[in-house]
Structures are given as structure tokens and as C-alpha cells.
Amino acid sequence: MRLRLLRRNSVQTALGVAVLSLVSAGCHRHYVLHPKHPVTGVEEWSEQAERDGLEMRFAWARPLGSGPFPTVLVHPEAWSDAKDMRGILRSLALEGYLAVAVDYRRQPTPERPKSTFFVWQGPEDASAAVDHVLTQPEVDSDRLAAIGYSQGAMYSLLIAAYTGKVSTVVAYYPIADIEAWLHDDEGRNWATRQAFKWVRRTFRKRSGAESLEEYRGMLRAGSPVHHAATIDVPVLLVHGHADKRVNVKESRRIAQALRDRSRDVELVEIDRGKHVFNFKNAEQAQEAWLLTLAWLEENLPPPLPRSVSSGQRY
């Protein structure tokens with residue numbers, strides 16, 4: 001279903017808010033579970049592309065054999081780049097998937113002289129990376145999955161909603177409703193509550209909205225829960241039960257919205273899992289990764305026998 005076009009910059013403004021929750025998330029160990037160095041049997045390369053001022057940096061990992069391959073598009077969490085997903089891409093390639101990660105940049109212009117946290121400027125940008133990936137001859141266009149982490153999970157869900165070009169989504173600890181998340185102080189200490197007061201004031205001011213109604217519309221534009229009606233693919237949500245930055249109720253919100261529309265959705269809550277748990281705790285990362293592989297195998301069956309047993313640690 002084609003969504004009506006939103007006011008330009010509305011998605012960018014709304015999702016920029018979400019990024020601020022991750023500023024103090026600490027160092028992430030992206031290789032806590034996945035191979036840190038190139039592995040035999042996996043070809044890697046990088047490239048860049050641009051569309052309408054949106055710069056995209058891609059990191060690829062290709063398995064042995066001939067394509068087309070079922071393909072997984074990976075979006076990293078905020079403050080991370082496509083290259084930080086190399087370990088995940090290697091793991092996916094060893095399982096028989098063509099894997100690609102992407103991050104985005106947009107150069108300041110006279111109209112927008114300041115850089116922003118979230119560089120999409122409208123729903124048309126949601127298809128930019130997908131469209132580029134689908135030009136590659138070894139990509140199976142009928143078997144394309146999106147995996148995302150935190151902000152990247154929001155990207156992945158919105159790609160499913162806006163484009164309809166992915167077959168399934170795996171979303172790790174997304175913000176489902178930005179406005180609700182901004183005002184929900186449950187579990188936040190005093191310092192965090194004060195920081196969120198600043199966030200609310202700052203983004204309301206920077207949004208450029210002429211009214212509260214317009215501003216709230218911008219927040220809705222970037223909130224996956226408000227686009228559940230157009231997410232018509234199987235969705236796996238993975239969220240840490242002890243996440244204080246993005247409360248697990250965010251995944252519960254989008255899960256319920258999808259269930260209300262009879263969508264295929266599963267929510268897995270990782271016991272004692274904190275924000276970005278899979279980049280910090282090896283045991284929790286292993287649990288979530290096995291669930292992810294099982295989900296992909298069900299929805300994007302790999303054409304090649306898996307070269308590595310599911311339980312192997314790297």
C-alpha cells in the first residue's frame with residue numbers, strides 16, 4: 001500500500017529524537033559473538049552510493065556458491081557504521097545469506113546548514129538503500145530481510161511500512177512510539193529525567209513546527225507503531241527485559257499493534273537484557289542470535305547447507 005507523502009523533514013525530525021537516548025550507551029562490542037576478522041569462504045567488499053543528496057555507505061559479505069541469494073539488509077544502532085556490522089555480515093554469509101549493512105550521511109545545504117542525527121528527510125528515503133541493494137544481480141528480490149538494532153530497528157520497520165520491498169523484519173529493541181517514549185519516565189533516574197526534559201524542549205524548538213499539532217504529527221510520522229497497518233510481513237521483535245533506555249514496553253506496543261491487525265509477529269524478551277545487550281553480553285547475544293537465525297531460516301530459507309552449526313561461538 002502506498003502511504004501518503006508526509007511533509008518533508010518530518011521523519012527526519014521525529015527520529016532524530018530517538019537517537020539521543022543512545023548518546024551515553026557506552027562502548028559496544030560488536031564482535032562479542034561474531035567473527036572479528038575475515039573468514040574463509042566469505043567475500044567482502046564496500047561501496048558508496050548517493051540518491052537525492054542522501055549518501056549511503058555499504059558493507060557486503062557474500063557466501064560461496066552462485067546466486068541469487070536470500071539477502072539480509074542490516075542497519076546498525078546509532079553512532080555505529082556499516083563497517084561495525086562486519087562480524088554480523090560474516091556470520092550471515094556463513095549461513096548462506098548475502099549480507100549487506102548500510103549507514104547514511106547527508107551533507108549540509110543552504111536550506112539545512114546543520115547536520116542532524118537522522119538523515120532521512122521523508123518516506124522516499126526509506127527506499128533508497130533497498131532500491132540500491134535490489135540492483136545487485138546476486139540479490140534474490142523475493143527473499144530480502146531487514147535486521148536492525150535500536151535506531152536501525154526503526155529504520156527496518158519503517159522500510160517495511162513505506163516500501164513493502166522486504167519479506168521479513170527482525171527488530172532489536174526499537175522505539176515504537178516516539179512521543180510516548182519521550183514522556184515515559186518509568187525506570188529513569190533523576191538525571192535521565194532531567195535530560196529528557198531538555199530533549200523534549202530542544203526537539204520541539206528545532207522541529208520548525210508552527211503548532212503543537214504539527215509537531216505531534218512529525219513524531220507520529222517517524223513512529224513505527226503508527227504505521228503498523230502497512231507492515232504486512234512477519235516481524236520478530238527482540239528486546240531486553242531490563243532495558244532502561246528503551247523500555248521493553250516499546251516492543252510490546254508495536255507487537256500489539258501488529259497483532260490487532262492479525263499480522264505475523266513474535267516478541268522475545270531477553271531475561272536481564274539491557275540496551276544493546278547483544279553487543280555486551282555473550283550469553284544473551286547467543287540466545288538472540290539463534291532466535292534470529294531460526295526466524296530467517298523460516299522466512300528466507302537459505303539455498304546452501306549452513307556451514308557453521310547454530311551453536312558455534314566465534
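1. What percentage of the 314 residues in the protein is buried? Buried residues make up 57% of them. The model under discussion is a predicted one, and the points below should be read with that in mind.

2. The overall composition may be set out next. The secondary structure consists of nine helices and eight strands. Among contacts with a separation of 6 or more, 77% are between residues 24 or more positions apart. The accessible surface comes to about 13,800 Å², and carbon and sulfur atoms contribute 49% of that area.

3. Strand β4 deserves separate comment. This strand covers residues 98-106, and eight of its nine residues are buried, so β4 is largely enclosed by the rest of the structure.

4. The pairing of β4 involves strands β2 and β3. Strand β2, residues 54-63, pairs with β4 in the antiparallel sense over eight bridges; within β2 and β4, Glu55 stands opposite Arg105. Strand β3, residues 69-75, pairs with β4 in the parallel sense over four bridges. Here Val74 stands opposite Ala101 of β4. As a general point for readers following the strands, side chains in a regular strand alternate between the two faces of the sheet.

5. Aromatic contacts form the next topic. The count of aromatic pairs in the model comes to eight. One of them joins Tyr149 and Tyr172 in a tilted arrangement, with 4.7 Å from centre to centre and 50° between the planes. This pair links distant parts of the chain: Tyr149 belongs to strand β5 (residues 139-149) and Tyr172 to strand β6 (residues 168-172), with the two tyrosines 23 residues apart.

6. Are these two tyrosines, Tyr149 and Tyr172, buried or exposed? Residues count as buried under 20% relative accessible area. Tyr149 has 1% relative accessibility and therefore counts as buried. Tyr172, at 2% relative accessibility, is likewise buried.

7. The tyrosine pair also belongs to a wider group. Tyr149 and Tyr172 form one aromatic cluster together with Tyr173, Phe277 and Phe279.

8. Which rings does Arg188 lie over? Arg188 is placed over the face of Trp181, at 5.7 Å from the ring centre. The charged end of Arg188 also sits over the ring of Phe196, 3.6 Å from the centre of that ring.

9. For a reader new to the structure, two places may serve as starting points for inspection. One is β4, with its antiparallel partner β2 and its parallel partner β3. Another is the aromatic cluster that includes Tyr149 and Tyr172.

How values were computed. Residues are numbered from 1 along each chain as its sequence is written. This is a predicted model: local features need pLDDT of at least 70, side-chain atom pairs count only at pLDDT 80 or more; totals for chains, interfaces and linings use all residues. Side-chain values use heavy atoms; hydrogens and water are left out. Buried means under 20% relative accessible area, exposed over 50%, partly exposed in between (1.4 Å probe, protein chains only). Contact means heavy atoms within 4.5 Å. Accessible areas come from the Shrake-Rupley method with a 1.4 Å probe; for residues, only the protein chains shown count as cover. Two strands pair if DSSP finds at least two bridges between them. Rings of Phe, Tyr and Trp (its six-membered ring) pair if their centres lie within 6.5 Å; planes under 30 degrees apart count as stacked, over 60 as edge-to-face and the rest as tilted. A charge sits over a ring if NZ of Lys or CZ of Arg is within 6 Å of the ring centre and within 35 degrees of the ring normal.
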